[in-house]
Amino acid sequence: MLGYVLRRLLYAIPILIGVNLITFLLFFVVNSPDDMARMQIGVKRATPEAIERWKVDRGYDKPMFINDTRTGTARITETLFFDKSLRMFALDFGRADDGRDIATEILDRMGPSLAIALPTFLLSLFASITFALLLVFLRASYLDFWGVVLCVAMMSVSSLFYIIGGQWLVSKLWALVPISGYAGGLDAFRFLVLPVLISVIAGLGSSARWYRTIFLEEISRDYVRTARAKGLSELRVLFGHVLRNALIPVLTGVVVVIPLLFMGSLLVESFFAIPGLGSYTIDAINAQDFAVVRAMVFIGSVLYIIGLILTDLSYTLVDPRVRLE
């Protein structure tokens, strides 16, 4: 297993380099360093001298891939791509265009992101699987039919509707919780309860429908008929046999997202003014801050690869017949 993990980690290196290269090219195809300087300085004060000074201060005056003015390895290292992208492999994220240290910002914002993402993940998982098992228990009945209709209706509505509708109903009309903002300590609960609730409801329809499909496939298998022939109750068949044997496809969708939890939710954090990594990324995109965008893309890629490896490892835990080679 150790050899398998090491091979997967080695395979990840060219993938990360490719992701960095594509991110770098896409960003600088849309924005030149001059455009970035004008946005940061302001159009009225963006004289040619001010633009050049901004580029020199932040290292954007270098060539992109090859520096013809240098010799030896400096031809590669004294370039924009090496300085802004390849350094991240040493976890050197550098500074944002406003001068703040990116690594420090990530550490500071990780807490609020986890505070909203972790309860959302756990509650969504519990609610979706429970609702899906209930629909399977009531399969081929009117309640199952209307439950599926409800799932389709819920997944057809935009997340923005849930956010705006929740803010209007719960915060403005009923005045139960603040409409937006964030506070540390126990006060954070007042600000997080509504975003978490909305996130769970917004994802319930698609998740429950997906789990229902998995459980329905399992319930038609021979081992389920054998369990029923032994006289087990339907609830015991569902929770004791179907749920356990459906864990591999469930884990495929669940474990891979666990490392990404700290990235937060882009829309929810932005609408509720939560100072997490999601809102940090949105602000960086609006400000065309390439340093922050490439750092967040890199971290997201690394976490996704870790999630895939964890998913493969989890298969061996729920099914001893699985061998990693």
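**Figure 1. The largest pocket of this predicted model.** The largest pocket has a volume of about 690 Å³. A pocket here is an open set of points on a 1 Å grid over the protein atoms alone, with protein on both sides within 12 Å along at least five of seven lines, and lining residues have an atom within 4 Å of a point. Grid points are joined across faces, edges and corners, and the volume is the space filled by probe spheres set on them; the probe is 1.4 Å. Look for T120, F121, S124, S199 and L261, which lie nearest the centre among the 25 lining residues. At least two lining residues come from each of helix 6 (102–137), helix 8 (159–173), helix 9 (188–219), helix 12 (247–254) and helix 13 (266–271). Helices are DSSP runs (H or I, at least four residues), numbered from the N terminus, while strands are E runs of at least two. By class, the lining has 15 nonpolar, ten polar and no charged residues. Nonpolar covers Ala, Val, Leu, Ile, Met, Phe, Trp, Tyr, Cys and Pro; charged covers Asp, Glu, Lys and Arg; the others, Gly among them, are polar.

**Figure 2. Helix 2 and its covering.** P33, M36, A37 and I41 of helix 2 are buried, that is, under 20% relative accessible area, against over 50% for exposed and in between for partly exposed (1.4 Å probe, protein chains only). These four cover an arc of only 120° around the axis, so they sit on the same side of helix 2; the arc is taken from the directions from the helix axis to the C-beta atoms. Helix 1, helix 3 and helix 15 (290–318) are among what covers them. Just after helix 2 comes G42, with a positive phi of about 110°.

**Figure 3. The two sides of helix 3, residues 48–58.** A50, I51, W54 and K55 are buried. Their arc around the axis is only 135°, which puts them on the same side of helix 3. On the other side, P48, E49, R53 and D57 are exposed. The buried residues pack against helix 2 (33–41), where contact means heavy atoms within 4.5 Å. G59 follows helix 3, and its phi is positive, near 80°.

**Figure 4. N20 in helix 1.** Helix 1 spans residues 2–30 and holds N20, which counts as buried because its relative accessibility is 3%. Leaving out residues up to four places away in sequence, N20 touches F81, S85, M88, F89 and F298.

**Figure 5. T281 in helix 14.** This residue belongs to helix 14 (residues 277–286). T281 has 14% relative accessibility and therefore counts as buried. Beyond its neighbours within four places in sequence, T281 is in contact with L266 and M296. The C-alpha atoms of T281 and A295, 14 residues apart along the chain, are separated by 9.5 Å.

**Figure 6. Where domain 1 meets domain 2.** An automatic or database domain assignment gives domain 1 (1–90) and domain 2 (111–318). The contact takes 23 residues from domain 1 and 19 from domain 2. Taken over C-alpha atoms, the domain centres are 35 Å apart. As a backdrop to these views, the protein has 15 helices and zero strands.

**Notes.** Residues are numbered from 1 along each chain as its sequence is written. In this predicted model, local features need pLDDT of at least 70 and side-chain atom pairs count only at pLDDT 80 or more, whereas totals for chains, interfaces and linings use all residues; side-chain values use heavy atoms, with hydrogens and water left out.
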